[in-house]
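Visitor: I have a structure open in front of me and I'd like to learn how to read it. Where do we start?

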Amino acid sequence: MSRAEREQQILETAEEVFATRGYQAASMDDIAQRVGLSKPMLYEYFGSKEGLLLACLERAKRELLECTSAAAASASDPEQLLHDGLLAFFRFGEGHAQSWALLRNESAVPGTGLDTELEAIRRQQVDFTANMLRSSLPETEESRLEAFAEAIIGACERMALWRENRPEITPETVTDHLMALIWPSLSGELAQKDDPASGSHDQG
């Protein structure tokens with residue numbers, strides 16, 4: 001097994017252990033045993049338990065951006081762009097339960113650099129969402145686009161938590177709920193942009 005393959009094996013195992021036990025209770029001995037390595041070899045790969053967790057979070061961050069970007073790339077209009085981006089977010093949580101549990105649970109671990117990494121993941125998705133909105137609403141002022149993006153990602157996080165106690169709510173259903181809340185406002189912005197008579201973006 002190459003080093004890259006071994007690293008992926010370690011990350012998959014560590015992600016499961018961190019997600020189910022939490023950072024504090026997770027043991028490097030347990031992770032090493034599950035992977036079939038000695039603990040010193042595990043430290044050689046990632047340096048520390050914190051380093052291993054940060055690597056797990058970095059992988060989750062990359063995978064989340066990849067799946068939301070791929071979904072948005074095939075959209076044909078602004079409404080589908082938003083819908084498919086939201087759906088990809090919720091499907092990621094459904095199809096990568098361990099990654100989502102890791103992102104959710106470790107927000108309560110202060111002072112280890114984890115809060116910084118978690119904020120970087122949130123910032124990544126806010127920036128991605130702002131870029132989606134920017135392409136559809138090029139005349140909308142930047143501060144409003146940023147505010148919309150922050151609100152959308154905050155709503156996504158809360159809706160994902162809500163779904164944990166509502167297993168009957170599918171990614172498609174929660175996406176429809178969120179679209180019902182968000183799209184009327186954004187479609188109003190689009191209508192103003194497309195209606196020359198409104199003059200909403202041409203007046204000081």
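Guide: Let's start with a term: a cavity is a set of grid points where a 1.4 Å probe fits but cannot get out. One caution before we use it: this is a predicted model.

Visitor: Okay, how many cavities of 30 Å³ or more does the structure hold?

Guide: Two of them. The largest has a volume of about 80 Å³, and the second largest comes to about 70 Å³.

Visitor: Which elements each supply at least two residues of the lining of the largest cavity?

Guide: Those are α5, α7 (114-136) and α8. To find the spot on your screen, pick out the lining residues, among them Thr68, Leu82, Leu86, Phe89, Gln125, Phe128, Met132, Ile152 and Cys156.

Visitor: And how do the residues of that largest-cavity lining divide by class?

Guide: Eight are nonpolar and four are polar, with no charged residues. Gly85 is one of the lining residues too, and Gly is counted among the polar ones here.

Visitor: Now the second largest cavity. Which residues line it?

Guide: Its lining is made of Pro78, Leu81, Leu82, Met132, Leu133, Ser136, Leu137, Trp183, Leu186 and Leu190. Here α5, α7 and α9 (171-194) each bring at least two residues. By class, this lining has nine nonpolar residues, one polar and no charged. Notice that Leu82 and Met132 appear in this lining and also in that of the largest cavity.

Visitor: What about open spaces? How much space lies in the second largest pocket?

Guide: A pocket is an open set of points, unlike a cavity, where the probe cannot get out. In this model the second largest pocket holds about 190 Å³. Its lining consists of Phe89, Phe90, Gly93, Glu94, Ala97, Trp100, Ala160, Arg163, Glu164 and Pro167. The elements giving two or more residues to that lining are α5 (78-95), α6 (97-105) and α8 (142-164).

Visitor: Which of the elements gives the most to the lining of that pocket?

Guide: That would be α5, with four residues. As for chemistry, the pocket lining has six nonpolar, one polar and three charged residues.

Visitor: Let's turn to helix packing. At what angle do α5 and α8 pack?

Guide: The angle is about 40°, and the axes are 11 Å apart. The two helices are therefore oblique to each other, and the crossing of α5 and α8 is right-handed. On the α5 side, the contact uses Leu82, Leu86, Phe89, Phe90 and Glu94, while α8 brings Ile152, Cys156, Met159, Ala160 and Arg163. Sorted by class, the contact has eight nonpolar residues, no polar and two charged.

Visitor: Some of those names sound familiar.

Guide: They should. Phe89 is in the α5 contact with α8, in the lining of the largest cavity and in the lining of the second largest pocket.

Visitor: How do α1 and α4 sit, and at what angle do their axes cross?

Guide: The axes of α1 and helix α4 (residues 49-73) cross at roughly 100° and come within 9 Å. That makes α1 roughly perpendicular to α4. The α1 residues in this contact include Leu11, Ala14 and Phe18, and those from α4 include Leu52, Leu53 and Arg59. Overall, eight residues of the contact are nonpolar, one is polar and four are charged.

Visitor: And how do the axes of α1 and α2 cross?

Guide: Helix α1 (residues 3-21) and helix α2 (residues 28-35) have axes that come within 10 Å and cross at roughly 135°. These helices are therefore oblique to each other, with a right-handed crossing. From α2, the contact residues are Asp30, Ile31, Arg34 and Val35. The classes work out as six nonpolar, two polar and five charged. Look again at Ile10, Ala14 and Phe18 of α1: they take part in the contact with α2 and in the one with α4.

Key
Residues numbered from 1 in each chain as written. Predicted model: local features only at pLDDT ≥ 70, side-chain atom pairs only at ≥ 80, totals over all residues. Heavy atoms only, no water. Axes fitted to C-alpha atoms, helices over the stretch in contact; angles between N-to-C directions. Parallel < 35°, antiparallel > 145°, perpendicular 65-115°, else oblique. Left-handed = near helix turned anticlockwise from the far one by under 90°. Contact = heavy atoms within 4.5 Å. 1 Å grid on protein atoms, 1.4 Å probe; cavity = no way out; pocket = protein on both sides within 12 Å on 5 of 7 lines; lining within 4 Å. Points joined across faces, edges and corners; volume = space filled by probe spheres on them.
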